Amino acid sequence: MFKHFRGDLFGGITAGIVALPLALAFGVSSGLGPSAGLYGAIFISFFAALFGGTNTQISGPTAPMTAVSMVIIAGILAVHDGDIAKALPIILAVFLLAGLMQIGLGLIGLGKYIKYIPYPVVSGFMTAIGVIILVTQILPAVGYYPKEDAEYVSQFKAAAEEEILENILKEEAGEGILVLEDFEETIRRANKITLEDMQKEAKTLASSDASGVLGTIKVLPRALQNINWLELALAIATIVIIYGFKRITTSIPSTLVALIVVSGVAVGFDLGYRPIEKIPEGLPIPQLEIFTEFSFSAITPYIFTALTLSLLGAIDSLLTSVVADNMTQTKHKPNKELVGQGIGNSIAAVFGGIPGAGATIRTVVNINSGGKTRLSGMVAGILLLVILLALGPIASQIPAAVLAGILVTVGIGVMDYKGLKAIPFLPKDIKFGPIKLSSEVIIMLTVLVLSSIWNLVYAVGIGLVIASLMFMKKIGDLTATRSNVKPLKEQPWADEKNFPAKLREEVFIKHIKGPLFFGSTSDFQQLAEQIPITASTVVIRMDRMQYMDQSGLYAMEDVLQDLNKKNVKVLLVGVLDQPKYMMERIDIIPDLIPREDIFEKFRPCMDRITANIQDSD
């Protein structure tokens with residue numbers, strides 16, 4: 001582990017510095033405060049690196065995990081009338097359960113099945129995450145907080161009184177008191193309600209009503225009439241520095257520069273801004289209320305939610321692991337990675353941290369800075385702990401608008417622009433009467449819209465169901481038209497038997513049998529590793545590849561780009577109509593594969609290869 005100590009030290013320190021402003025911002029966005037984000041970054045980074053299966057991965061709170069956590073926290077708080085002290089044990093118990101489920105997923109070997117999540121579902125979800133973060137940060141960016149707007153809160157006083165009375169009836173029902181038999185007890189408890197209680201409940205209802213994408217849009221006109229220009233200026237300055245500083249250099253994290261510069265100006269000139277919540281001083285303390293106040297009845301409604309959070313963390317982490325593999329030419333262990341992420345999330349929950357996953361940007365920064373082993377992730381966690389202990393009081397003075405500005409850039413950056421740009425070019429393969437639509441676009445937009453305005457958890461489930469149904473229909477249609485196709489062993493096809501033996505070391509022939517879709521992309525991406533060192537030409541036989549979805553399309557693009565970098569010539573044989581149409585939509589044909597390198601039959605392809613070899617001789 002210590003063989004690459006110098007590189008791991010620099011990689012971990014750099015990744016930790018990049019993680020600091022994001023951890024604080026994600027903590028604030030979640031609703032648990034900046035300390036929760038920082039605690040999550042510390043424990044997940046350290047323990048996921050220690051026990052995980054990707055040597056260079058840096059883990060911590062991420063945009064997708066924070067967005068789902070935000071929904072969970074808001075829902076549990078609403079049930080407990082906005083009382084964070086009562087809701088916190090249940091919130092952390094859900095996070096702990098999600099971590100334990102991740103450990104279970106790894107132990108039973110489900111890590112390798114994550115690849116079956118289709119690209120349109122992931123694309124729609126990631127874009128929705130961006131929309132949610134971007135829209136929900138508008139209010140803090142303009143300095144408007146609904147629960148502090150007296151006129152807005154006053155609209156909820158009647159509803160607050162009803163809510164309090166309903167809670168009294170629930171309490172009595174729980175104690176076995178029947179209202180009709182003991183109406184005086186209900187009156188006695190109702191008389192104890194103070195104006196302060198009603199005002200607090202009204203603020204909770206106002207804050208809940210203005211939460212989420214729809215809530216923000218609903219209250220936006222009022223926010224624009226009550227802009228705090230100082231807060232807006234701080235947020236805009238943060239955004240400008242983040243994007244502007246990247247044009248100067250990328251060696252120093254622009255988010256950190258923006259955090260220090262804008263906060264320094266606000267503090268130095270005593271601008272009277274709104275600071276973030278105070279970060280507790282000293283070491284993180286275990287939240288033992290998770291166990292002492294635990295009850296199965298309280299946690300049961302959130303079991304499916306915890307499972308969804310664990311699956312999202314698994315997908316998020318393993319996608320980052322693939323990025324790390326491509327950069328370091330290594331191979332991660334998916335099931336071990338899930339166990340490591342689960343341990344990190346479980347320990348973070350015990351100490352009051354929000355959940356997280358493998359973070360792509362931080363992992364890339366770590367690798368580029370010299371990180372090579374799991375020690376780099378542990379260093380990043382230790383650095384954040386040192387910052388917490390040494391600079392906690394200073395960090396508590398950071399303006400809330402600065403973190404809102406940082407999150408705006410995160411929301412913009414996390415959207416899947418590659419998937420959005422492809423929307424006009426994807427084939428329209430589904431008919432609704434006279435209208436033809438693209439099935440992949442339908443899936444992507446369904447997940448995007450439902451995630452943004454309704455429920456992230458249910459939206460992904462619905463997207464998966466639609467994707468599965470559409471895929472089964474397509475495969476059924478294709479099977480009906482080509483029912484004579486039987487599984488074939490990987491051996492020379494009939495028209496390849498006369499291929500010159502002397503060329504077999506220089507020419508590698510790959511057969512693709514069956515559709516190239518989200519479930520088969522992983523195997524196809526291993527193509528580059530199958531090619532002998534002596535091979536200078538690759539022939540991809542696509543005669544039996546009837547269908548290619550968007551996941552397969554991008555997998556094909558990645559492989560061809562990799563082969564081009566290695567100066568390996570690629571020829572295609574027997575490209576059928578649908579795959580050809582897909583490859584033309586994103587210019588694989590003719591940018592990566594010129595049209596003259598595409599053959600209908602193998603014989604003309606063999607003649608071209610033979611002629612080229614003879615010319616080179």
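A cavity here is a set of points inside the protein where a 1.4 Å probe fits but cannot get out, and its lining residues have an atom within 4 Å of a point. Keep that in mind as you look around this structure, which is a predicted model.

Let's start with the empty space. The count comes to one cavity of 30 Å³ or more, and the largest cavity has a volume of about 110 Å³. Who stands around it? Among the lining residues are Pro-118, Pro-120, Phe-518, Tyr-547 and Asp-549. Two helices, α22 (439-453) and α23 (456-481), each supply at least two residues of the lining. The biggest giver is α23, with four residues. Sort the lining residues by character and you get eight nonpolar, one polar and three charged. Ser-439, Glu-440 and Lys-474 are also part of this lining.

Now for the packed parts. In soluble globular proteins, nonpolar side chains tend to be buried together. In this model, the largest nonpolar core has 91 residues, and those with the most contacts inside it include Leu-38, Ile-76, Phe-95 and Ile-129. Helix α4, covering residues 84-107, gives the most to this core, with 11 residues.

Zoom in on Phe-95 for a moment. Which residues does Phe-95 touch, leaving aside its neighbours within four places in sequence? Its contacts include Leu-32, Ile-72 and Ile-73, and also Leu-309, Ala-349 and Pro-355.

Apart from this largest core lies another one, of 31 residues. If you'd like to find it, look for Leu-426, Met-545, Val-568 and Ile-589, which are among its members.

Definitions and conventions: Residues numbered from 1 in each chain as written. Predicted model: local features only at pLDDT ≥ 70, side-chain atom pairs only at ≥ 80, totals over all residues. Heavy atoms only, no water. 1 Å grid on protein atoms, 1.4 Å probe; cavity = no way out; pocket = protein on both sides within 12 Å on 5 of 7 lines; lining within 4 Å. Points joined across faces, edges and corners; volume = space filled by probe spheres on them. Nonpolar A, V, L, I, M, F, W, Y, C, P; charged D, E, K, R; others polar. Core = buried A, V, L, I, M, F, W, Y, C linked by side-chain atoms within 4.5 Å. Buried < 20%, exposed > 50% of the residue type's maximum accessible area, 1.4 Å probe, protein only. Contact = heavy atoms within 4.5 Å.
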